[in-house]
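Please examine the sequence and the structure shown below before reading the report.

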Amino acid sequence: MTIEELRSHLRRVHAAIGGEGRFSFTIGMEPGEPCYVTHWVRTGAMGYEDCRAVGMGTVPECLAALERYALGYRRQPTETEIAAMLGLAEPPGPEPIDPYRIAAE
């Protein structure tokens, strides 16, 4: 698998979970050293990022763990979306661009 194929896979899974947060894929450099995949999610508009372990092992094992993670992942609505659902605010316009939502770039 090439780096471009890996990036494409990460982008596809990121889109499948609603584009929330960002993925980090760490490739082991030494023979036998494992790879890691994590998901970083901001806990609110001004909150800290939370790192969630997704998988560890070989590249195929990490990608399989990523697929399982995406199947069980449920995107959390933003505070603006919740307020709009409750009728407390105008329906949200486009969300401001958040550099932490960009994945695998």
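The report that follows describes the fold, the nonpolar core, the aromatic rings, one histidine and the cysteines.

## Overall fold

The structure is a predicted model. Its protein chain contains three helices and three strands, and from the N terminus these elements follow the order α-β-β-β-α-α.

The protein chain has 105 residues, of which 30% are buried. Its accessible surface amounts to about 7100 Å², and carbon and sulfur atoms account for 60% of that surface. Among contacts in the protein chain with a separation of 6 or more, 41% join residues 24 or more positions apart.

## The nonpolar core

The largest nonpolar core consists of 16 residues. Within this core, the residues that touch the most other members are Leu10, Phe23, Phe25, Val37 and Leu66. Four elements each supply at least two residues of the core: helix α1 (3-16), strand β1 (22-26), strand β2 (35-42) and helix α2 (59-72). The greatest contribution comes from α2, which gives five residues.

Phe25 illustrates how parts of the chain meet. When its neighbours within four places in sequence are left aside, Phe25 is in contact with Leu6, Leu10, Cys35, Tyr36, Val37, Val59, Cys62 and Leu63.

## The aromatic cluster

A pair of aromatic rings is described by two quantities, the distance of the centres and the angle of the planes. How many aromatic pairs does the count give? The count comes to two aromatic pairs. In one of them, the ring centres of Phe23 and Tyr69 are 6.5 Å apart and the planes meet at 75°, so this pair is edge-to-face. An angle over 60 degrees is the cut-off for that description. This pair links distant parts of the chain, since Phe23 belongs to strand β1 and Tyr69 to helix α2, with their positions 46 residues apart.

Tyr69 also forms a pair with Tyr73, and here the arrangement is tilted, with 5.5 Å from centre to centre and 40° between the planes. Phe23, Tyr69 and Tyr73 thus make up one aromatic cluster. Phe23 has a relative accessibility of 6% and therefore counts as buried. For Tyr69 the value is 18%, so this residue counts as buried too, and Tyr73 is likewise buried.

## A buried histidine

His39 is part of strand β2. Is His39 buried or exposed? Its relative accessibility is 0%, so His39 counts as buried.

The side chain of His39 makes a polar contact of 2.7 Å with the side chain of Tyr69. Not counting residues up to four places away in sequence, His39 touches Ile17, Glu20, Gly21, Arg22, Phe23, Asp50, Cys51, Arg52, Val54, Tyr69 and Tyr73. This list includes the three members of the aromatic cluster, Phe23, Tyr69 and Tyr73.

## The cysteines

A disulfide is a covalent bond between the sulfur atoms of two cysteines. In this model the number of disulfides is zero. Why does the sulfur of Cys35 form no bond with the closest cysteine sulfur? That closest sulfur belongs to Cys62 and lies 5.4 Å away, which is too far for a bond; the cut-off for a disulfide is 2.5 Å.

Two of the cysteines may be described by their accessibility. Cys35, at 5% relative accessibility, counts as buried, whereas Cys51, at 37%, counts as partly exposed. Both cysteines appear in the contacts described above: Cys35 is in contact with Phe25, and Cys51 is touched by His39.

Conventions: Residues are numbered from 1 along each chain as its sequence is written. This is a predicted model: local features need pLDDT of at least 70, side-chain atom pairs count only at pLDDT 80 or more; totals for chains, interfaces and linings use all residues. Side-chain values use heavy atoms; hydrogens and water are left out. A nonpolar core is a set of buried Ala, Val, Leu, Ile, Met, Phe, Trp, Tyr and Cys residues joined through side-chain atoms within 4.5 Å. Buried means under 20% relative accessible area, exposed over 50%, partly exposed in between (1.4 Å probe, protein chains only). Contact means heavy atoms within 4.5 Å. Rings of Phe, Tyr and Trp (its six-membered ring) pair if their centres lie within 6.5 Å; planes under 30 degrees apart count as stacked, over 60 as edge-to-face and the rest as tilted. Accessible areas come from the Shrake-Rupley method with a 1.4 Å probe; for residues, only the protein chains shown count as cover. A polar contact is a pair of N or O atoms within 3.5 Å; within protein, one must be able to donate a hydrogen and the other to accept it, and residues adjacent in sequence count only if both atoms are side-chain atoms.
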